[in-house]
Amino acid sequence: MPRATSAAEGCTLRNSFEPGFVASGDFVLGGIFPLHYNQEMPDLNCTYKPPPVKCNGFDPRAFRWAQTMRLAVDEINQSPELLPNHTLGYKIFDSCAYPLTGQRAALAVLNGPNEEDSPMCSVSSPLLSIIGESGSAQSIVVSRILQPFRIPMISYFSSCACLTDRNNYPTFFRVIPNDDYQVKAIAQLLVHFKWNWIGLIRGDHEYGRFAVQGLLRELQGSSVCVAYQEMIPLLYNSKKALEIMQVMQSSSAKVVVVFSAEGEMTPFLKDYMTQNITGIQWVASEAWITASVFTKSGFYPYLGGTIGFGIKKGYIAQLGDYLLTVNPQKYPNNTLFAPCSRKEALLEQHSAYMNTSSPRVAYNVYKAVYAIANSLHNLLLCQPGNGPFENNSCAQSDKILPWQLQHYIQDVKFKIAGEMVNFDLQGDSVPYYDIINWQRGTSGNIEFVNVGLFDGTKPAGEELVIQEDRIMWAVSLCSPSCPPGSRKAVRRGEPVCCFDCLLCDSGKISNQTNSIECQFCPENFWSNHDRTACIPKQVEFLTYDSLGISLTVISVMGACLTIGVFAVFFHHRNTAVVRVNNSELSFFILFALTMCFLCSLVFVGEPTSWSCMLRHTAFSITFSLCISCILGKTLVVLAAFTATRPGDNIMKWFGPKQQRAIIFNCTLVQVVICAAWLIDAPPYPSRNTKYERSKIILECSVGSSLAFWLVLAYIGLQACLCFILAFLARKLPGNFNEAKFITFSMLIFSAVWLAFIPAYISSPGKYADAVESFAILASSFGLLFCLFAPKCYIILLKPEKNTKQHLLGKEKK
């Protein structure tokens, strides 16, 4: 099939609504561009048909966008790979950067240029898709008009987040990121430059309203607050603009964020310059950050330093040469060339038209056309039986419906100029922005300098990259920044950005400037002197310092001394002193005392799970064993001397087996208590920070307080029983009445542990461990000396008294 050639039809945009450019083809695309940026609203009356809208202010940049669409169509029509044997046509209309004229353009694309020639909605649309619109307000209107016809629309410059709503805009796609990403980027920019006192200006349309709402949402919880919010009227009004400027001048906020279209900002900034206002740091949205209309040298004193986020630029190889072919001689009847004298090229009259060094919006137009072409190409390649529609059917190539093409647009994925192009489920594209800064060029004009980027696909916190050495920025603060170590205290009745700085409390820090509150240090840390960092708390436990070493030495000495006594008794096991005093029980007591002395070693050193369980249970069981042996010995002594009648069999109840049974059962009770303790709520290492918050006291928590006091109570019960029995046997005959020594040993034992209870409760940390260790050692030494010192004295120093007769007081005189 031969390729179609484009032809421009003459029209008078001021008096009718003819298309700017038309080309025939097998498949026709619509294009809507703001070829003018101002409009004269006629006086409306009650007649059926409103008069035409007059459009003024030719926009060479938008004209370039329209030519980019034509170039893309021509490239596709000449491509042997994309849509072979098929051609694309187009109808391009002017929206005049206004929703009402955008609506007229959409209806004209659907029905024809003149209502007289084609009654509205009388026939179904021959269009498959539309490229447009630039402004979000216009796109909302156009998308709603196209929705009943299910015609897909791909916008090249409408970024309002509201358009992601698939319920209201089911056929809308775009090759520009939505404003949810832009407001996130602007919020990060404000925080990055510490601009916490800003003004907001927006246009009177959905784009401005949704963008401001999104920015305020992003700024919640940050250090940035808004001094004022103003709105530029949709139909520009100089009086209202001057009121906005008066607010800007009177406010202490020197940073102004603007969400507005280029068409609204152009007259506003011209009035701004006439008021000779300077010192404002402008933060521009993508809608006007790359507007070439503001590049003249006269704008720099007022707009120099403006920063904002521009859509991603691309590369279109043939665009420059193609634009040179468009001149008044080629289209003598087209009123779009009215500003020209028809003798010069557009390059001379409108230099912005030929600015192809870094196309951004034009590149989006280019991608949008190729997205439709690739989608249509995929649709035509569909094989019957493998299609996406009902019963796996495909679209008919000679009768393609717009909704069928929309299905393929949703799934399209292709590369252009090295960039992957596709759409998510909301019809949005990849969120990526260049950070643009307006700087003075060599000729005094404004140049758009790329100073960073925002990549919304990267992890949170890594999206924003700024080359700060290439930027100069202003300061906009209501109050000086609070240094690290302090926090902000909002002044009553003033905005949250006006505050005082208060030093953080002890134990809290702030390691960032302008902290809203001081943070508590973690449990194991404490604040330094400047309150800027948490340093590890001093850890305290019964370590091998002077106190710990002393207890260790005493413990080892006690154990060694007990072993020494054990050796003496074992060596003299056949002597009267050892035999009369029940050598087996004596050896059991010495073994238990040795373990008691060694138990105190577990109290020295850093507490662990095993040491905490061992230190309490080991000493309780060993002491219980020791006192059980003493109890058995006391019972034997008492029974021996109370058997007064010959042949009395009382001693048969206290033979060696019975003694072992008494010791075993008495000790078993303590073992059962300790086992239940360990199973239910065992002791465990804990970090005590309540006694002194700047220190960590490592100690062993008893787990079950009931079990802890129960084991002590049981030992006390055994000791009391021993004391009572020994007291009863204190006056029994004999030169060596062991009951006296047992009585005295139990007095010492009881005194030590009664003194231990209040001392233990009132002693913190390592001192509690030291008190418990001291109580163990003191009571152990008391038992050792009271029970075995007199015997060792006789064995080693008075061997002549080491006889049975002497011990029983029956020696001959």
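This is a short walk through a predicted model, one selection at a time.

**The whole chain**

Start with everything shown as a cartoon. The protein chain has 813 residues, of which 52% count as buried. Its secondary structure comes to 21 helices and 27 strands. Switch on a surface and you are looking at about 37000 Å² of exposed area, with carbon and sulfur atoms supplying 56% of it. If you like contact maps, take contacts between residues at least 6 apart in sequence: 69% of these join residues at least 24 apart.

**The six-stranded sheet**

Now select strands E1, E5, E2, E6, E7 and E8. In that order they form an open sheet of 6 strands, and the pairing is mixed. Which strands stand at the edges? They are E1 (21–23) and E8; each has a single partner strand, so one side of each is left without a neighbour in the sheet. Look along the sheet and you can follow its twist, which averages 20° from one strand to the next.

Zoom in on the E1 end. E1 and strand E5 (residues 88–94) run antiparallel and are joined by 3 bridges. To find one place where they face each other, pick Val 22, which stands opposite Lys 91 in E5.

Next, add two helices to the selection. H1 lies across E1, E2 (27–33), E5 and E6 (127–131), and runs at about 175° to E5. Helix H11 (residues 361–380) lies across E2, E5, E6 and E7, at about 155° to E6.

**Aromatic rings around this sheet**

Show the side chains of Phe, Tyr and Trp. With ring centres within 6.5 Å as the criterion for a pair, the count comes to 28 aromatic pairs. Begin with Trp 65 and Phe 157: their ring centres are 5.7 Å apart and their planes stand at 75°, so the pair is edge-to-face, given that angles over 60 degrees fall in that class. Trp 65 belongs to helix H1 (residues 60–78), while Phe 157 is in the loop between strand E7 (153–155) and strand E8 (172–174); the pair links distant parts of the chain, 92 residues apart. Both Trp 65 and Phe 157 are buried.

Move along to Phe 173 and Phe 423. This aromatic pair is edge-to-face too, with 5.3 Å centre to centre and 65° between the planes. Phe 173 is in strand E8 and Phe 423 in the loop between strand E15 (419–422) and strand E16 (432–440), so to speak a link between distant parts of the chain, 250 residues apart. Phe 173 counts as buried at 0% relative accessibility, and Phe 423 counts as buried at 6%.

Stay on Phe 173 and add Arg 166. The charged end of Arg 166 sits over the ring of Phe 173, 4.9 Å from its centre.

**A cluster and another charge over a ring**

Select Tyr 272, Trp 282, Trp 288, Phe 294, Phe 299, Tyr 302, Trp 438 and Phe 448 together: they form one aromatic cluster. Then pick Lys 312, which lies over the face of Tyr 432, at 5.0 Å from the ring centre.

**A residue inside helix H15**

Centre the view on Ile 589, in helix H15 (residues 583–599). Is Ile 589 buried or exposed? With a relative accessible area of 0%, Ile 589 is buried. What is Ile 589 in contact with, leaving aside neighbours within four places in sequence? Its contacts are Cys 626, Cys 629, Ile 630, Lys 633, Leu 787 and Phe 788. Put a distance label between the C-alpha atoms of Ile 589 and Lys 633: the separation is 9.8 Å, for residues 44 apart along the chain.

**The three-stranded sheet**

For the last stop, select E25, E27 and E26. These 3 strands form an open sheet in the order E25-E27-E26, with mixed pairing. Strand E25 (538–540) and E26 stand at the edges with a single partner strand each, so one side of each has no neighbour in the sheet. On average, neighbouring strands here are turned by 25° against each other, direction ignored.

Finish on the hairpin. E26 and E27 form it with 6 residues between them. E26 (residues 684–688) and E27 (residues 695–701) run antiparallel, joined by 5 bridges. Click Tyr 684 to find Ser 701 of E27 opposite, then Asn 688, whose bridge partner in E27 is Ile 697.

Terms used:
Residues are numbered from 1 along each chain as its sequence is written. This is a predicted model: local features need pLDDT of at least 70, side-chain atom pairs count only at pLDDT 80 or more; totals for chains, interfaces and linings use all residues. Side-chain values use heavy atoms; hydrogens and water are left out. Rings of Phe, Tyr and Trp (its six-membered ring) pair if their centres lie within 6.5 Å; planes under 30 degrees apart count as stacked, over 60 as edge-to-face and the rest as tilted. Helices (H or I, at least four residues) and strands (E, at least two) are DSSP runs, numbered from the N terminus. Buried means under 20% relative accessible area, exposed over 50%, partly exposed in between (1.4 Å probe, protein chains only). A charge sits over a ring if NZ of Lys or CZ of Arg is within 6 Å of the ring centre and within 35 degrees of the ring normal. Two strands pair if DSSP finds at least two bridges between them. Contact means heavy atoms within 4.5 Å. Accessible areas come from the Shrake-Rupley method with a 1.4 Å probe; for residues, only the protein chains shown count as cover. Axes are lines fitted to C-alpha atoms, for helices over the stretch in contact, and angles run from 0 to 180 degrees between N-to-C directions.
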